[in-house]
Amino acid sequence: MTRETALDPNRSPATGRSLERLRVGFIPLVDCAPLVVARDLGFAEAEGLELDLVRETSWANIRDRIVLGHFDAAHMLAPMPLAARLGLGHLTAPILAPWVLNHGGNSIAISTALHDAGGAWGAVDDPAGAGRVLARLVAERAARGDEPLTFASVHPFSCHDQQLRHWFAAAGLDPDSDLRIVVVPPSYMVDAMAEGGVDGACVGAPWPSLSVEAGVGRILLTTGSIWPATPEKVLGVREVFAERRPEALAALLRALDRAGAWIEDPANRPDLAARLARPEIVGVPEALVMRALAGELRAGRDGAPVSVPGFLRFHGAGPHGAINRPRVADGLWLAAQMLRWGQVRDRDRAFAAARAAFAPATFDAVFGPPGAARDDETVRPFDGAPFDARDPGAWLDAHPRPVGRPG
């Protein structure tokens with residue numbers, strides 16, 4: 001019997017029904033919350049599912065295990081299904097993103113040494129102002145012959161990597177010659193900053209806040225200030241799973257829908273923070289999880305909390321419709337970033353992969369198509385040049401990669 005048709009023999013103690021077991025990988029981040037809630041609060045069980053959640057330390061492990069069929073589904077970086085379809089960095093695999101787990105939740109933190117060197121970075125969430133300071137520091141270091149500043153992202157094919165690159169480029173910097181970008185798993189990011197291995201990092205909650213509490217980092221930007229209302233994590237499944245077990249996938253989406261709605265209720269935040277703080281899930285103090293859930297962040301240990309409305313969204317309506325509904329426009333936007341930075345060369349192939357990975361057909365089959373017409377064709381980054389998904393190549397033509405500084 002294949003993995004796609006096997007039923008777990010366990011039965012629900014509440015209903016006596018057989019439960020279909022799904023093995024689901026996740027990374028210790030606040031935005032794994034819908035999977036944890038779906039399991040812990042019985043939403044998955046009510047749909048006839050047993051969720052076996054497997055904690056991984058790196059996105060490379062998540063990628064490998066979903067591609068090779070070790071997982072039925074996984075908590076994935078939004079660009080990862082697209083990268084898998086294109087065979088970037090690994091085997092080619094047809095991965096779907098039938099559900100958006102969340103919008104937002106990432107921040108860019110810099111070391112206290114870099115913060116002090118820059119001086120007046122300005123208020124949190126001023127990417128243009130902070131970019132000017134960064135460009136000045138890069139120029140000063142180049143003039144002295146110093147090594148480039150090193151920033152970390154969590155994976156080459158991640159919003160983190162793309163958001164860093166977008167911010168650097170808007171400041172007139174070439175991410176591959178004026179600075180260095182390295183990969184560090186999320187849970188190791190604070191250690192990398194403490195050891196001086198990186199000068200800054202883009203990573204999801206709660207790790208930027210932990211860098212602040214450890215006295216080694218300062219939160220400079222939340223990435224919603226760079227890319228508002230874009231997907232951060234998705235549920236990733238293989239096409240073969242969707243084709244052979246459509247009822248199980250539909251049940252999982254219904255469970256995640258109930259979990260997301262529960263998470264969005266502010267009254268449930270203390271309970272959720274306690275669940276996520278457990279060592280087997282994220283393993284950090286509850287107070288740091290609460291900061292992300294409430295959008296109340298501390299830029300530094302000596303600063304007052306900074307309110308960031310909509311910092312992390314799991315459910316409900318966003319500017320382009322339902323947050324959890326995959327949007328082809330977002331897939332095309334992510335593909336355009338891969339093309340801009342040379343991770344893939346073939347435009348037609350990249351855009352076709354994006355349309356396939358982010359197709360909303362499965363979501364619409366379960367929940368119905370969207371009702372009222374919405375603006376579903378644009379992405380609006382902070383630097384004022386909207387991306388129109390009806391002509392994705394036009395944005396690329398207007399945004400070549402920056403030319404690196406001489407020397």
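**View 1. Strands β1 and β2 run side by side.** In this predicted model, β1 and β2 run parallel and are joined by 7 bridges. To find your place along the pair, look for Phe26, which sits opposite Arg55 of β2. Is β2 open to the outside or enclosed? Of its 7 residues, 5 are buried, so the rest of the structure largely encloses β2. As general background, strands in a sheet pair through backbone hydrogen bonds, and they can do this parallel or antiparallel.

**View 2. Zooming out, β1 and β2 turn out to belong to a six-stranded sheet.** This open sheet has 6 strands, and reading across gives the order β2-β1-β3-β10-β4-β13, with mixed pairing. Which strands stand at the edges? They are β2 (49–55) and β13 (312–313); each has a single partner strand, so one side of each has no neighbour in the sheet. Helix α1 (residues 33–40) packs on this sheet and touches β1 (20–26), β2, β3 (73–77), β4 and β10. The direction of α1 makes about 135° with that of β2.

**View 3. A further helix, α3, lies across the strands.** Take residues 59–67 and you have helix α3, which lies across β1, β2, β3, β4 and β10. Against β3, helix α3 runs at about 140°.

**View 4. Strand β4 has a partner on either side: β10 and β13.** With β10 (residues 231–238), strand β4 (residues 95–104) pairs in the antiparallel sense, over 6 bridges. A handy landmark here is Val100, standing opposite Val234 in β10. The pairing of β4 with β13 is also antiparallel, over 2 bridges, and there Gly104 has Leu312 as its bridge partner. How many residues of β4 are buried? The count is 10 of 10, so to speak a strand that is mostly covered.

**View 5. A second open sheet is built from 5 strands.** Go across this one and you meet β7-β6-β8-β5-β9, again in an open sheet with mixed pairing. Its edge strands are β7 (180–183) and β9 (217–222), each pairing on one side only. From one strand to the next, the twist averages 30°. For a closer look inside the sheet, pick β5 (residues 106–111) and β8 (residues 200–204), which pair in the antiparallel sense over 5 bridges. Ala109 faces its opposite number, Ala201, in β8. Helix α7 (residues 159–170) lies across β5, β6 (150–153), β7, β8 and β9, running at about 145° to β6.

**View 6. Helix α6 has a set of buried residues.** Helix α6 (residues 127–144) is made of 18 residues and reaches 26 Å from its first C-alpha to its last, close to the 26 Å expected at 1.5 Å a residue. Which residues of α6 are buried? They are Pro127, Gly129, Ala130, Gly131, Val133, Leu134, Ala135, Leu137 and Val138. An α-helix has 3.6 residues a turn, so residues three or four places apart point the same way. The cover over the buried residues of α6 includes α5 (112–118), β6, α7 and β9. Right after α6 comes Gly145, with a positive phi near 80°.

Technical notes. Residues numbered from 1 in each chain as written. Predicted model: local features only at pLDDT ≥ 70, side-chain atom pairs only at ≥ 80, totals over all residues. Heavy atoms only, no water. Pairing = 2+ DSSP bridges. Helix = DSSP H or I, 4+ residues; strand = E, 2+ residues; numbered from the N terminus. Contact = heavy atoms within 4.5 Å. Axes fitted to C-alpha atoms, helices over the stretch in contact; angles between N-to-C directions. Buried < 20%, exposed > 50% of the residue type's maximum accessible area, 1.4 Å probe, protein only. Expected span 1.5 Å × (residues − 1).
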